[in-house]
Every structure is written in C-alpha cells, then in structure tokens.
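Work through the following exercises with the sequence and the structure at hand, and try each task before reading its solution.

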Amino acid sequence: MGKKQSNQVKEITSMEVDFPQWYTDVISKTEMVDYSPVKGFMVIRPYGYAIWELIQKAYDKRFKETGHENMYFPLLIPESLLKKEAEHVEGFAPEVAWVTHGGDKELGERLAVRPTSETIICSMYSKWLNSYRQLPFLYNQWCNVVRWEKTTRPFLRTSEFLWQEGHTLHETAEEAQAETMQMLGIYREIAETCLAMPMVVGQKSEKEKFAGADATYTMEALMHDGQALQSGTSHNLGQHFTKAFDITYLDRNNEQSYPYHTSWGVSTRLIGGIIMVHGDDNGLVLPPMIAPIQVVVIPVAQHKEGVLDKAWEIGKIIEKEYRVKVDDSEGYSPGWKFNQWEMKGVPIRLEIGPRDIENGQCVLARRDNGEKIQVSLEDVLKAVGDLLKEIQSNLYDKALKMREEKTSTAENTDEFKKNLKENPGFIKAMWCGERSCEDEIKEDTGASIRCIPFDDEQEVLYEGKCVCCGKPAKKMAYFARAY
C-alpha cells in the first residue's frame with residue numbers, strides 16, 4: 001500500500017495531455033468524490049464536502065445579511081403542479097425523474113423528484129400571501145435536486161447535485177429586478193473574494209435563459225482548458241409563476257394583485273470550477289478561504305526527541321485563527337507527505353525538524369507558487385496570516401491573467417473559428433440579436449452565447465457588425481464552448 005501511494009502524484013495525467021482525465025484523476029486521488037452504484041450520482045467524501053460547507057457558509061452569511069431566511073420544501077412535486085407553468089415544464093421535462101409507486105401500490109398521480117422548486121414553492125406562497133404588508137417574501141433553501149443527465153462528470157454535471165435556491169416575491173417589478181441584480185452581485189462577490197474565481201457577468205440570451213423567466217442573469221468563469229462554466233444564475237421571473245399559481249394579495253389600493261417573483265441558485269458545480277481554474281499537474285490548488293485545511297504541519301525526523309511536541313505546539317498556536325492539521329502519521333516519509341498535501345491543495349505546508357527547532361524557526365512552503373520562506377517561531381501566527389492573504393490574492397490574479405490571455409475578439413465566422421482553434425476561451429463578438437445567427441454559430445463551432453455584458457461593459461467591435469451575418473449588431477456578447 002505504501003509503495004502504491006508513494007507514486008500517487010505521478011499518476012495524475014498532465015492537463016496539457018488530457019484535460020478531462022486530469023480532472024478525473026484529481027477528484028479521485030484527492031478523495032473528494034467517489035462514484036456511486038447509480039450512474040451519474042456522486043458520493044461527496046469528507047474533503048469535498050468540507051469545501052462545499054465553506055462555500056455554503058460564505059454565501060449563507062451574505063444571504064442572511066440581506067434579509068433572507070432559510071426554509072425547506074419537499075423533495076417530491078405532484079405532476080399537476082409541475083405542469084401549471086407550460087414553458088417551465090417543457091424546459092425540464094426531459095430531465096425529470098418520476099416516482100410512480102409507494103411501496104407496492106401505484107400512485108394515483110406521478111410525483112416528480114424536484115429538478116428545481118419554483119412550482120412547489122409557489123403553491124405554498126399562494127396559501128401564505130394575503131396582504132402587501134407581508135411582502136417581500138425573502139426565502140432560500142439549501143437542498144438537493146435531480147436532473148436525469150445523459151452525460152455526467154462529478155461536480156460539473158451530475159444527475160443529483162447540492163445547491164441553494166432563493167425564491168422571493170415583491171410588490172413591484174422594480175423591486176424584483178433590484179433583487180435579481182443584488183443576488184447576482186452577491187454571487188460574484190463571494191466567487192471572486194472567497195473562491196478567487198474572476199467572473200464575467202451579464203444577461204443570458206432568450207435561447208439560453210431559464211424556462212419560464214422574463215430574464216436570466218449569469219456569472220461565467222473560464223477554465224484552464226478554455227471552456228466556460230456557468231457558475232451561478234439569477235432569474236427575474238416576472239409574474240409567470242405568480243399568475244399560473246394564483247398568488248394574489250390585497251395591495252395598497254385594496255385591490256387584488258399578483259406579486260413579482262425571482263429565483264437564484266449556485267451549486268456544487270462551483271467546486272468543479274475551483275478545481276479547473278486553480279489546479280495544476282500536481283493536483284488541487286485551493287484558495288485559502290475555502291480550503292478545509294489551510295496549513296499542514298509536517299514534522300521532519302519526527303522520531304527524534306522534541307520534534308513531535310514542537311509540531312503540536314505550533315499546531316495549537318495556528319489553530320487559534322486558522323484551519324490546521326498536524327500530520328504525525330507513521331510509516332510515511334516527509335517527502336511522501338509533502339507530495340500528498342500538495343496534491344490535496346493545502347495552501348501552506350509548515351516544515352519543522354530538529355535543526356529548525358535549534359534555530360527557533362520553521363519553513364513555510366506555498367502551494368500556489370512553490371516558494372519557501374523561513375520564519376521565526378515567535379512570528380509564526382502572523383507570518384501564516386500574511387501568507388494566506390497573499391496566496392488568496394495571487395490565485396485571483398493568476399486566474400484573471402489566464403482569462404485575459406484566453407479572451408479574444410472576432411469580426412467574422414472565419415476569425416471566430418480560428419480563435420477557437422488556436423486559443424480556446426472567451427470570444428467577444430458583435431451579435432445582431434437574431435436566434436438564427438446564435439444557432440448557426442453553435443452548430444458550426446459548438447460555442448454558445450455565455451452572456452451579454454451589461455451596458456457599462458459593452459463595447460462596439462468592428463463597426464458594430466454581427467459576427468455571423470454581417471448586419472448591424474445590437475450588442476456585444478461573450479461566446480465560448482461550455483461545460
């Protein structure tokens with residue numbers, strides 16, 4: 001067993017050779033997930049789940065700071081409810097899993113395993129809402145959903161995944177739009193500050209928007225292989241669902257009105273994003289703010305007197321403020337441990353041996369760039385804190401630089417195809433707004449409109465002519481192949 005493990009890091013396929021295989025190697029060898037007996041359903045192991053808990057904690061804090069409360073709604077949705085909003089059910093129909101039996105007895109009505117919860121939540125909101133004085137409804141739930149996917153990859157696209165879904169009701173269209181944009185802003189803020197993932201934000205095209213929405217807004221990240229990852233969406237649902245589910249209230253004029261509705265969600269696919277934005281050929285590289293272990297203390301020559309005691313003493317100091325692990329496991333060389341924790345993406349490795357103790361110092365090794373520094377044991381807590389901040393910042397800067405290097409512009413379809421082939425990534429191009437051009441580009445190149453950036457980020461390229469048909473364009477859009 002020891003010998004097999006000693007070669008573990010070498011067994012990670014290079015991302016340049018085979019990116020999908022690199023990804024699979026990383027998630028399995030770092031014990032983040034395992035495959036379950038049911039195809040497309042993943043077992044999230046403690047290390048992967050700890051990352052999710054830290055992401056969840058960061059988002060949940062911001063939701064509560066903006067007045068949202070958590071609730072829980074049932075997993076099963078009666079078919080009649082799912083069918084109440086036509087566009088919505090049509091959008092999800094191919095992915096719905098159905099429960100047809102309770103024990104041996106066939107059910108009178110099929111029950112859908114929730115693919116998303118708009119319908120079940122709206123059925124409850126229609127019972128609860130009576131007066132404008134109750135608005136806004138600012139509710140969220142953390143749960144799982146099931147969408148029967150044909151092609152699956154852990155974290156990125158699985159038949160079951162974990163997420164949160166916020167569902168809010170408002171008096172006016174303006175308030176609903178403000179909520180939609182506020183939540184997109186929170187998504188971006190946490191993704192960039194905690195996950196160190198730079199985001200492009202904007203509106204989805206009509207083709208790409210959520211089934212049943214007035215408008216869908218998205219944040220999109222770019223992976224090492226030049227493919228985009230939709231990382232979070234916020235939907236202004238207008239009154240589609242409130243009318244379908246007869247959610248009415250007595251308004252300020254003493255008349256019956258329909259409220260305006262939003263929904264928004266991020267999921268465990270963010271973990272896939274973290275892996276593919278920051279990882280390297282040695283494995284994971286985790287941003288300190290969401291690393292389950294921020295510092296690993298590795299005693300060198302731990303059999304020698306005083307070494308383990310000193311390692312534990314340092315561990316106790318660091319754990320006052322940071323997540324730390326002392327690796328005192330026996331039967332493994334320090335070199336093996338170095339490789340193992342490097343593969344698991346721990347931001348800082350602290351090495352301490354007899355000579356270090358003699359000199360009153362230790363060595364801090366950075367996972368993001370491999371640099372090593374010697375620090376005094378007296379200053380170790382401050383040095384660790386400073387270094388974690390530096391690593392967090394550096395990972396964002398590196399990811400931003402990577403994205404900028406993989407972002408190009410295209411004037412016509414020939415240039416578009418050339419860019420996709422030679423430097424896969426985001427392509428900024430003008431678009432006339434016609435679905436036919438959007439479809440043609442997707443069919444020809446596999447690239448879709450990831451988002452139409454907001455007005456303050458819009459720019460006119462190449463005299464404002466559509467990249468596909470050459471006619472006057474309405475907007476600049478970000479195109480990319482996507483997960």
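**Exercise 1.** Find which helices each supply at least two residues of the lining of the second largest pocket, and describe that pocket.

*Solution.* Begin with the helices, which are α3 and α13 (380-405), each giving at least two residues to the lining of the second largest pocket. Keep in mind that this is a predicted model. Next take the volume, which is about 340 Å³ for the second largest pocket. Then turn to the 15 lining residues, of which Cys-194, Pro-288, Met-289, Gln-294 and Arg-323 are the closest to the centre. Finally, sort the lining by character, which gives seven nonpolar, three polar and five charged residues.

**Exercise 2.** Determine which residues have the most contacts inside the largest nonpolar core, and which helix gives the largest share of this core.

*Solution.* The largest nonpolar core has 60 residues, and those with the most contacts inside it are Ile-55, Tyr-59 and Ile-275. Helix α3 (residues 46-65) provides the largest share of this core, namely eight residues. To follow one of these residues further, leave aside the neighbours of Tyr-59 within four places in sequence, and its contacts include Trp-142, Ile-186, Met-219 and Leu-270.

**Exercise 3.** Decide whether Asp-246 is buried, partly exposed or exposed.

*Solution.* First locate Asp-246, which sits in the loop between α8 (240-244) and β12 (249-250). The relative accessible area of Asp-246 is 49%, and because partly exposed covers the range between under 20% and over 50%, Asp-246 counts as partly exposed. Beyond its neighbours within four places in sequence, Asp-246 is in contact with Ser-126 and Tyr-258.

Methods. Residues numbered from 1 in each chain as written. Predicted model: local features only at pLDDT ≥ 70, side-chain atom pairs only at ≥ 80, totals over all residues. Heavy atoms only, no water. Helix = DSSP H or I, 4+ residues; strand = E, 2+ residues; numbered from the N terminus. Buried < 20%, exposed > 50% of the residue type's maximum accessible area, 1.4 Å probe, protein only. Contact = heavy atoms within 4.5 Å. Core = buried A, V, L, I, M, F, W, Y, C linked by side-chain atoms within 4.5 Å. 1 Å grid on protein atoms, 1.4 Å probe; cavity = no way out; pocket = protein on both sides within 12 Å on 5 of 7 lines; lining within 4 Å. Points joined across faces, edges and corners; volume = space filled by probe spheres on them. Nonpolar A, V, L, I, M, F, W, Y, C, P; charged D, E, K, R; others polar.
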